[in-house]
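Work through the exercises below with the sequence and the coordinates open. Each task is followed by a solution in steps.

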Amino acid sequence: MTRQAHHLVVVIALSLMLASCSGSLAGDTTTPAPTTTNPPPSSTVTEEAGRPLRVVGCEPADADVEIVCEAVDLVQRHYVDEVSDQALADAAARGLEELDGTSSESEIICAAPAVPFQEVCELAATEAENSVEAAEAMVRGLTTFGLDPNSVYFDPEALTLVEEEQHGEIQGIGALVTAEDVTGGEPELCSRISDTCRLFVISTIAGTPADEAGLVRDDVIVAVDGEDVRGRTVDEVTATVRGPAGTEITLTIERDGSRFDVVLTREAVTIPAVVSETIDDAGYIALNLFTENADEQFEEALLEVLDDGVDTLVIDLRDNPGGLLDTAIEVASAFLPDGDVVTTESPDSSTSYPVTGNVIVPAEIEVVFVVNRGSASASEVVSAVLQERGRATVVGENTFGKNTVQQRFNLSNGGALKLTIARWLTPGGLDFGEVGVTPDVVKEIEVGLAPETVVREALSASLTIG
């Protein structure tokens, strides 16, 4: 079974571009969250389950719970699809139902940004220990159960991890993971780990604790330091596995039906966005992530192999889960002298993103892109536009099919909401959602092969249509 790379693929360092990574195509740009303009009737005080319950509106909401108002308003104004207040309230209730329940008799404050949330607040009184816990559970629930898998609530701790990853430096164990539901024929992305939604290892970074401990593709992480991961989101497991360099952590791994523990010592991990070398007359560049500095590393690698006099470039995007739109534009611009890289479409607008004019690769250089099912988001943007423009031959498997754009919005509690705000198309209007980018030559090139083998297989495949 082929593992998919999530937009929520994370480097367990853990973590990486959650959703991917920021799995955001449209640059995880951070903007202040507004205050909702859809308040219910004014504040009411009742008693529910033996404790005082104060339901408040959003003009303004209490500071402890205003993230609920902010989240609902952001969804209403920015989410790619229309979602009813009732659907959001039902999803928020599911978030509360996942709490452990409470016997607290202290007053709880609950924000109701729309009338359907008033019943949700009654549930908060029986499930949440305090107002802050209730608000976070409601926001987590409305994103997890009310929106697409690429829309995510980051609590303040998880947001710190995401921001570190975008700089390419983290502390942890160095493994890429994704959560997938395996009950159907093909794996489907999921956001909360359960008996059917499993946390799979996609790959490890060479030389890191995960690599040296022997973790391999398709290993399933079932517990961290003896605590079952079921019921947690990928972000929450990420936060648990990450930690100061030099500290130990124990992962319980399931492999081929057997379980065993692996003890790892965390280290500072630098995510290698780019790996390159010259092989005969070909330049090989593996672009692993679209982090904020990956375009600079990619440009440096291009210049080095071009200086070696290569006449062919093999760009390896296998298992690259995507990342930042700005980086994708810079990478595509290295090959294209003009035109657009991608177009995003939302219910209200269409936006085109042109090349930068910083073309690096001469037109006479042959270019082959290698992709697989784990190539997602920004990887698909770059390979699709170069294929469409006839600038590159794409070899490998159909890509993941993530055609959505995410943007991150700050929340008042120090966390953030990452929302799907648009869908992307190639400049020619092709939509690769779900199906993915179809290679010019379909050929499975196994992950883990030496670069010279990848180059040989990619160029051999490309000759079939040359």
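The exercises that follow concern a predicted model and deal with pockets, a cavity, disulfides, backbone angles and a sheet.

**Exercise 1. The largest pocket**

Task: Give the volume of the largest pocket, then describe its lining by residue, by element and by class.

Solution:
- Step 1. The space in the largest pocket amounts to about 640 Å³.
- Step 2. The pocket is lined by 23 residues, of which Ser203, Thr204, Ala286, Asn288 and Val447 are the closest to its centre.
- Step 3. Two elements give two or more residues to this lining, namely β10 (197-204) and β17 (282-287). The largest share comes from β17, with 3 residues.
- Step 4. Sorted by class, the lining holds 15 nonpolar, 4 polar and 4 charged residues.

**Exercise 2. The second largest pocket**

Task: Repeat the analysis for the second largest pocket.

Solution:
- Step 1. The second largest pocket holds about 470 Å³ of space.
- Step 2. Its lining has 20 residues, and those closest to the centre are Asn150, Leu189, Phe400, Gly401 and Glu434.
- Step 3. The strands β9 (188-189) and β24 (416-425) are the elements that each give two or more residues to the lining.
- Step 4. The class count is 6 nonpolar, 7 polar and 7 charged residues. For the largest pocket, the corresponding count was 15 nonpolar, 4 polar and 4 charged.

**Exercise 3. The largest cavity**

Task: State how much space lies in the largest cavity and which residues and elements line it.

Solution:
- Step 1. About 150 Å³ of space lies in this cavity.
- Step 2. There are 16 lining residues, and Thr144, Val152, Tyr153, Thr233 and Asp235 are the closest to the centre.
- Step 3. Two or more residues come from each of α4 (131-146), β6 (152-154) and α7 (234-241).
- Step 4. The lining divides into 7 nonpolar, 5 polar and 4 charged residues.

**Exercise 4. Disulfides**

Task: Find the disulfides in the whole structure and say, for each, what parts of the chain the pair ties together.

Solution:
- Step 1. With a cut-off of 2.5 Å between cysteine sulfur atoms, the search of the whole structure gives 2 disulfides.
- Step 2. In one of them, the sulfur atoms of Cys58 and Cys69 are 1.9 Å apart. The angle about the S-S bond is -75°, and this link is left-handed.
- Step 3. Cys58 sits in the loop between β4 (51-56) and α1 (66-78), while Cys69 belongs to helix α1, so the pair ties together parts 11 residues apart in sequence. Both Cys58 and Cys69 are buried.
- Step 4. In the other, Cys110 and Cys121 have their sulfur atoms 2.1 Å apart. The link of Cys110 and Cys121 is left-handed, with -75° about the S-S bond.
- Step 5. Cys110 is part of strand β5 (residues 108-111) and Cys121 part of helix α3 (residues 117-127), so this pair ties together parts that are 11 residues apart in sequence. Cys110 and Cys121 are both buried.

**Exercise 5. Positive phi**

Task: For Asp218 and Asp256, give phi, place the residue in the chain, and decide whether it is buried, partly exposed or exposed.

Solution:
- Step 1. Asp218 has phi near 80°, a positive value in a residue other than glycine. Asp218 lies in the loop between α6 (209-212) and β11 (220-224).
- Step 2. The relative accessible area of Asp218 is 30%, so Asp218 is partly exposed.
- Step 3. Asp256, also not a glycine, has a positive phi near 55°. Asp256 belongs to the loop between β13 (248-255) and β14 (258-265).
- Step 4. The cut-off for exposed is over 50% relative accessible area. Asp256 has 78% relative accessibility and therefore counts as exposed.

**Exercise 6. An open sheet**

Task: Write the strand order of the open sheet of 6 strands, identify its edges, and describe how β16 pairs with β17.

Solution:
- Step 1. The order is β16-β17-β18-β21-β22-β25, with mixed pairing.
- Step 2. The edges are β16 (274-279) and β25 (441-442); each has a single partner strand, so one side of each has no neighbour in the sheet.
- Step 3. The pairing of β16 with β17 is antiparallel and runs over 6 bridges. Within it, Glu277 stands opposite Tyr284 in β17.
- Step 4. Strand β17 also appears in Exercise 1, where it gives 3 residues to the lining of the largest pocket.

Notes:
Residues numbered from 1 in each chain as written. Predicted model: local features only at pLDDT ≥ 70, side-chain atom pairs only at ≥ 80, totals over all residues. Heavy atoms only, no water. 1 Å grid on protein atoms, 1.4 Å probe; cavity = no way out; pocket = protein on both sides within 12 Å on 5 of 7 lines; lining within 4 Å. Points joined across faces, edges and corners; volume = space filled by probe spheres on them. Helix = DSSP H or I, 4+ residues; strand = E, 2+ residues; numbered from the N terminus. Nonpolar A, V, L, I, M, F, W, Y, C, P; charged D, E, K, R; others polar. Buried < 20%, exposed > 50% of the residue type's maximum accessible area, 1.4 Å probe, protein only. Pairing = 2+ DSSP bridges.
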